Amino acid sequence: MSRPRNEPVQAVKQRRDAALAALLDVSAYVKFLGVQIDRRGNELSATLPFDSKIIGNPIKPALHGGAIGAFLELTAQLELMWTTVWDVMEEGGPDADAIEEGRFPNWSKVINITVDYLRSGLPRDAYARARIVRRGRRYATVQVEAWQDEREKPFASATVHFLMPQDD
Amino acid sequence: MISSAIPHNVELGMEVVEVGDGMALMAVPYADKLVGDPHTGVVHGGVLTALLDACSGTAVMLHPKAQGGTATIDLRIDYMRPAKPGEKIFARATCFRITRNVAFVRGTAFDVSEEEPVAISTGTFTVEPRGTRFGDTK
């Protein structure tokens, strides 16, 4: 399927949004945490909506460190996948068609994650953005930061190392 | 009190299997809602993060020298292999050193055999004064 040279902006937008939605739809765990993703061009922002089930300390109350770590990890993983998907879709061709049909490249595997808990998570929505530090053929390094009310006061950050999907 | 009082632990179905001085063994049963990749049925890494974090914090509070609560300063998790679909996941954490302010904890997550870990963790935790409860920080 070849695309017309001057595609209407709505068609481009619709294709990108559909790909992102399909990507999010596959993971039960993303739904379990209730994570939502906003897209501005190729930039993604993740939201972890507050819910009583992600409380780790009911007395304070504060968010669960594990839920925060999970949120950071999946934001980083999604950023890496989305960057690959974006590049393939921009390139066009059979691989781009596959994505439009809901067949995505394999997910990168997390080798390790190091989470810094900078402040306790307040009982309200949390946001995160990830930045790819390096994306190589075999390995990738992604940094991710989460905040709540004030962008310049992150409450958690993480560095995640990935093993890129191998073709063999 | 440890697990039933913590909503997110309840939500994950987390249970305390065994406790000792500065040691906790906890588990999360396999559940479809925790799956990260539907093609393989493998539980999402985030579940291991939650389990190892909770288990490590519990180990700190079970240390004889711990007086009050604790909060995670940092936690590193190395994923050794995917967890087996359908299997309950266990985590054993040991607080091997505690000072006035900082506790050091190692953890291992496994499914079928403790000798073949799914993930290992290293974390540092705060040591809060007597009278505080878990997670209390100023």
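**Exercise 1.** In this predicted model, state which strands α2(B) lies across, and how this helix is oriented relative to β6(B).

*Solution.* Begin with chain B, where α2(B) lies across β2, β5, β6 (89-98), β7 (102-110) and β8 (119-126). Then turn to the other chain, because α2(B) also lies across β5 of chain A. Finally, take the direction of the helix, which runs at about 40 degrees to β6(B).

**Exercise 2.** Determine how α3(A) and α2(B) are arranged relative to each other, and which residues meet where they pack.

*Solution.* Step one is the geometry: helix α3 (residues 65-91) of chain A packs with helix α2 (residues 45-61) of chain B at an angle of about 150 degrees, and their axes are 8 Å apart. Step two is the classification: angles over 145 degrees count as roughly antiparallel, and α3(A) is therefore roughly antiparallel to α2(B). Step three is the handedness of the crossing, which is right-handed. Step four is the contact itself, in which residues of α3(A) including A:Gly65, A:Gly66, A:Ala70 and A:Leu74 meet residues of α2(B), among them B:Gly45, B:Gly46, B:Ala50 and B:Asp53. Sorted by class, this contact comprises 6 nonpolar, 6 polar and 2 charged residues.

**Exercise 3.** Describe the side of chain A that touches chain B, naming the element that gives the largest share.

*Solution.* Start with the totals: 33 residues of chain A are in contact with 34 residues of chain B. On the chain A side, the elements that each give two or more residues are α2 (28-33), β3 (55-57), α3 and β5 (109-117). The largest share, 8 residues, comes from β5(A). By class, this side of chain A has 18 nonpolar, 11 polar and 4 charged residues.

**Exercise 4.** Work out how β5(A) is joined to chain B, and which strands stand at the edges of the sheet.

*Solution.* First, β5(A) is joined by 5 bridges to strand β5 (residues 72-79) of chain B, and the two run antiparallel; within β5(B), B:Leu75 stands opposite A:Val115. Next, follow the order of the open sheet of 12 strands, β1(A)-β2(A)-β6(A)-β7(A)-β8(A)-β5(A)-β5(B)-β8(B)-β7(B)-β6(B)-β2(B)-β1(B), in which the pairing is antiparallel. The edges are held by β1 (36-40) of chain A and β1 (15-20) of chain B, and since each has a single partner strand, one side of each is left without a neighbour in the sheet. From one strand to the next, the twist averages 20 degrees. Last, take the edge in chain B, where β1(B) pairs with strand β2 (residues 23-28) over 5 bridges in the antiparallel sense, and B:Val19 stands opposite B:Ala24 in β2(B).

Key:
Residues numbered from 1 in each chain as written. Chains lettered and ligands numbered in written order. Predicted model: local features only at pLDDT ≥ 70, side-chain atom pairs only at ≥ 80, totals over all residues. Axes fitted to C-alpha atoms, helices over the stretch in contact; angles between N-to-C directions. Helix = DSSP H or I, 4+ residues; strand = E, 2+ residues; numbered from the N terminus. Parallel < 35°, antiparallel > 145°, perpendicular 65-115°, else oblique. Left-handed = near helix turned anticlockwise from the far one by under 90°. Contact = placed C-beta atoms within 7 Å. Nonpolar A, V, L, I, M, F, W, Y, C, P; charged D, E, K, R; others polar. Pairing = 2+ DSSP bridges.
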